[in-house]
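Grab a pencil and have a look at the model below. We'll work through a few exercises on it together, one step at a time.

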Amino acid sequence: MPIWVDADACPKVIKEVLYRAADRTSTLITFVANQSLSVPPSPWLKTLRVAAGFDVADNEIVQRAQPGDLVITADIPLAAEVMEKGAIALNPRGERYSDATIRERLTMRDFMDTLRSSGIQTGGPATLNQRDRQQFANELDKWLLQQR
């Protein structure tokens, strides 16, 4: 099963974890973005550049993802869409979305959008820390082991 990465917003440290995992496990990973990306030379690492535009990369991932594939994204609507197709969604902080958590996250996202559109400053997510990176690596390893 391949891994699809919503690469436009994926932190560099998470991409580095993915680079190592691809070579270690011979797993194909495709980084999808609307800009040129540079990945280390490897038969297991691919880039897919899509046209600029709202949700173009997301739509490409949804179109290509198959049941059982892993999608790395912090984009809640993208995670929900690929999960509807039977793919697994994991965010860069190491949270593997479930049917229960994705509904909760979509509701919170919509609520925060409403607050922002009314002029309230909500701030952004906390900076990715070492614990988040380790949690991501652990969840990635769990998925990779399940594929064996």
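**Exercise 1. Find which residues V82 is in contact with, leaving aside its neighbours within four places in sequence.**

Step 1. Keep in mind that you're looking at a predicted model. Find V82 in helix α3, which covers residues 76-84.

Step 2. Look around V82 and skip the neighbours within four places in sequence; the contacts left are I61, V62, A65, V71, A87 and A89.

Step 3. Now place some of these partners. I61 and V62 fall in helix α2, residues 56-64, and V71 falls in strand β4, residues 70-72.

Step 4. Check the accessibility: V82 has 0% relative accessibility, so it counts as buried.

Step 5. For a sense of distance, try D141, which is 59 residues from V82 along the chain; their C-alpha atoms are separated by 20 Å.

**Exercise 2. Work out whether A100 and I14 are buried, partly exposed or exposed.**

Step 1. Recall the cut-offs: buried is under 20% relative accessible area, exposed is over 50%, and partly exposed lies in between.

Step 2. A100 sits in helix α4, residues 99-117. Its relative accessible area is 48%, so A100 is partly exposed.

Step 3. I14 belongs to helix α1. With 0% relative accessibility, I14 is buried.

Step 4. Add the surroundings of I14: beyond its neighbours within four places in sequence, I14 is in contact with P92, L128, R133 and F136.

Step 5. Compare sequence with space. I14 and G94 are 80 residues apart in sequence, yet 9.8 Å apart from C-alpha to C-alpha. A100 and E81 are 19 residues apart in sequence and 14 Å apart in space, again C-alpha to C-alpha.

**Exercise 3. In what order do the 5 strands of the open sheet stand, and with which pairing?**

Step 1. Trace the sheet from one side to the other: the order is β3-β2-β1-β4-β5, and the pairing is parallel.

Step 2. Look at the ends. β3 (45-49) and β5 (88-90) each have a single partner strand, so one side of each has no neighbour in the sheet.

Step 3. Check the twist: on average, neighbouring strands of this sheet are turned by 25 degrees against each other, ignoring direction.

Step 4. Count bridges. β1 and β4 share 3 bridges, β1 and β2 share 4, and β2 and β3 are joined by 5.

Step 5. Pick out some partners: W4 is opposite V71 in β4, V5 is opposite F31 in β2, and T30 has K46 in β3 as its bridge partner.

**Exercise 4. Which way do the residues of β2 point, and are they buried or exposed?**

Step 1. Start with a rule of thumb: in a regular strand, side chains alternate between the two faces of the sheet.

Step 2. Apply it to β2. I29, F31 and A33 point one way, while T30 and V32 point the other way.

Step 3. Now the burial: 5 of the 5 residues of β2 are buried, so β2 is largely enclosed by the rest of the structure.

Step 4. See how the chain gets to β2: it leaves β1, passes through helix α1 (residues 12-25) and arrives in β2, a right-handed β-α-β crossover.

**Exercise 5. Which residues have the most contacts inside the largest nonpolar core?**

Step 1. This core has 22 residues, and the ones with the most contacts inside it are I3, V5, L18 and L140.

Step 2. Ask where the residues come from: β1, α1, β2, β4 and α5 each give at least two, and α1 gives the largest share, 6 residues.

Step 3. Zoom in on L18. Without its neighbours within four places in sequence, L18 is in contact with V5, I29, F31, I72, F136 and L140.

**Exercise 6. How is the aromatic pair of Y19 and F31 arranged?**

Step 1. Take the centres and the planes: the centres are 5.6 Å apart and the planes make 65 degrees.

Step 2. Over 60 degrees counts as edge-to-face, and that is the arrangement of Y19 and F31.

Step 3. Y19 is in helix α1 and F31 in strand β2, so the pair ties together parts 12 residues apart in sequence. Both Y19 and F31 are buried.

Notes:
Residues are numbered from 1 along each chain as its sequence is written. This is a predicted model: local features need pLDDT of at least 70, side-chain atom pairs count only at pLDDT 80 or more; totals for chains, interfaces and linings use all residues. Side-chain values use heavy atoms; hydrogens and water are left out. Two strands pair if DSSP finds at least two bridges between them. Axes are lines fitted to C-alpha atoms, for helices over the stretch in contact, and angles run from 0 to 180 degrees between N-to-C directions. Contact means heavy atoms within 4.5 Å. Buried means under 20% relative accessible area, exposed over 50%, partly exposed in between (1.4 Å probe, protein chains only). A crossover is right-handed if, with the strands pointing away from the viewer, the path from the first strand over the helix to the second runs clockwise. A nonpolar core is a set of buried Ala, Val, Leu, Ile, Met, Phe, Trp, Tyr and Cys residues joined through side-chain atoms within 4.5 Å. Rings of Phe, Tyr and Trp (its six-membered ring) pair if their centres lie within 6.5 Å; planes under 30 degrees apart count as stacked, over 60 as edge-to-face and the rest as tilted.
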